[in-house]
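Here are my notes for anyone opening this structure for the first time. Have a look at the sequence and the model, then read on.

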Amino acid sequence: MEVSSTQPKQRWDAELYEARHGFVWHFGESLVELLDPKPGERILDLGCGPGHLTYRIAEHGASVVGLDASPEMIGQARQNFPTVHFVLQDAASMAFDDEFDAVFSNATLHWILDATAVAKAMFSALRKGGRVVAEFGGRGNVRTVETAINAVIEKYSGSPAVSRRFYPSVGQYAAILEGAGFELRFAHLFDRPTPLEGEHGMENWIRQFSGFYFEALPADVRQQALNEAVERVRPTLFRDGEWFADYRRLRIIAVKI
Ligand SMILES: C[S@@+](CC[C@H](N)C(=O)[O-])C[C@H]1O[C@@H](n2cnc3c(N)ncnc32)[C@H](O)[C@@H]1O
């Protein structure tokens with residue numbers, strides 16, 4: 001699928017995310033272990049969403065700031081965790097300077113198409129010796145789902161879908177981090193088939209994370225097109241009564257030297 005050359009505006013349904021997609025932050029808990037936050041450390045949670053992992057980091061005694069570009073997500077985060085500091089800001093244009101011991105990010109970096117800008121912004125936000133610990137969609141992430149969506153969008157609109165996500169390989173992302181000045185200490189691309197909740201798990205997933213493809217279609221065919229995408233992936237991604245998304249994650253640790 002072709003990737004958009006400009007960053008389109010995102011709209012997040014924080015309620016659907018809280019109700020059905022808690023797996024995102026549950027999987028992210030092992031990333032907090034990898035971060036290993038220490039009391040007193042200053043940590044930025046980049047793309048904090050509704051704040052569950054930000055709060056986890058705060059529980060370790062670190063001084064944490066949750067940053068997100070979505071007003072809906074920041075509103076939800078402030079409601080969930082009133083004692084934690086959250087800021088509404090775009091990570092690609094954030095302007096912190098030598099302020100943090102670590103930047104943590106779960107399930108966010110693939111949403112930011114200007115990966116070079118965000119790598120530079122993370123570098124600038126860290127003090128010397130500071131680390132980035134992040135996980136996000138890597139090369140081949142949700143390929144089965146995106147292939148089905150692409151076919152359906154092309155059928156109903158006459159032109160191929162344009163992706164708004166960047167799923168890099170290890171090599172591609174290493175070059176971006178090194179270009180920003182980081183030393184890459186760890187990188188792992190791995191399959192993580194992800195169970196989705198309930199009989200409408202795939203439909204909910206598509207609505208939450210890929211609804212924008214369908215919003216471009218005439219209103220009277222949207223639901224039909226969505227149903228068709230779900231049926232296309234059913235033979236591969238519905239197994240023993242359960243839906244799975246074919247996630248591939250890229251986990252990295254990089255240090256500002
Ligand atoms: C899948 S959610 C992950 C949220 C959270 N990290 C978690 O584990 O639950 C992705 C988040 O990235 C945020 N995001 C996407 N692009 C962003 C940007 N340019 N700057 C800051 N946040 C962004 C979205 O608003 C959304 O809250």
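The points below go through the ligand, the pockets and the cavity.

1. First, a caveat: this is a predicted model. Residue numbers start from 1 along each chain as its sequence is written.

2. Let's start with the ligand. It has 22 residues around it, and the closest are Tyr17, Gly47, Asp68, Ala91 and Asn106. Sorted by class, that shell holds 13 nonpolar residues, seven polar ones and two charged ones.

3. Which protein atoms make polar contacts with the ligand's nitrogen atoms? Aspartate 90 has a polar side-chain atom 2.9 Å from a ligand nitrogen. For asparagine 106 it is a polar backbone atom that lies 2.8 Å from a nitrogen atom of the ligand. There is an oxygen to look at too: a polar side-chain atom of threonine 108 sits 3.2 Å from an oxygen atom of the ligand.

4. How much of the ligand does the protein bury? On its own the ligand would expose 590 Å², and the protein buries 97% of that. As for where the shell comes from, helix H2 (23-35) and strand S3 (63-68) are the elements that give two or more residues to it.

5. Now the space itself. The ligand takes up the largest pocket, which has a volume of about 810 Å³. This pocket is lined by 50 residues, and those nearest its centre are Gln10, Trp12, Asp68, Thr108 and Trp111. Two of these names should ring a bell: Asp68 is listed among the residues closest to the ligand, and threonine 108 has the contact with a ligand oxygen atom.

6. Which element gives the largest share of the lining of the largest pocket? That would be H2, with four residues. Several other elements supply at least two residues each, including strand S2 (42-46), helix H3 (52-59), helix H4 (71-80) and strand S5 (100-106). Helix H8 (201-215) and strand S10 (242-256) are also on that list. By class, the lining has 26 nonpolar, 13 polar and 11 charged residues.

7. Don't skip the second largest pocket, with about 510 Å³ of space. Its lining is made of 19 residues, of which Arg11, Arg207, Gly211, Phe212 and Glu215 are closest to the centre. H8 turns up again here: it gives the largest share of this lining, eight residues. Helix H9 (219-237) also supplies at least two. The class split is eight nonpolar, four polar and seven charged residues.

8. Last, the enclosed space. How many cavities of 30 Å³ or more are there? The count comes to one, and the largest cavity has a volume of about 30 Å³. Its lining consists of Arg20, His21, Phe23, Leu196, Glu197, Gly201 and Asn204. Those residues divide into two nonpolar, three polar and two charged.

Notes: This is a predicted model: local features need pLDDT of at least 70, side-chain atom pairs count only at pLDDT 80 or more; totals for chains, interfaces and linings use all residues. Side-chain values use heavy atoms; hydrogens and water are left out. A residue is near a molecule or strand if one of its heavy atoms lies within 4 Å of it. A polar contact is a pair of N or O atoms within 3.5 Å; within protein, one must be able to donate a hydrogen and the other to accept it, and residues adjacent in sequence count only if both atoms are side-chain atoms. Accessible areas come from the Shrake-Rupley method with a 1.4 Å probe; for residues, only the protein chains shown count as cover. On a 1 Å grid over the protein atoms alone, a cavity is a set of points where a 1.4 Å probe fits but cannot get out, and a pocket is an open set with protein on both sides within 12 Å along at least five of seven lines; lining residues have an atom within 4 Å of a point. A molecule sits in a cavity or pocket if more than half of its atoms lie within 2 Å of its grid points. Ala, Val, Leu, Ile, Met, Phe, Trp, Tyr, Cys and Pro count as nonpolar, Asp, Glu, Lys and Arg as charged, and the others, Gly among them, as polar. Grid points are joined across faces, edges and corners, and a volume is the space filled by probe spheres set on the points.
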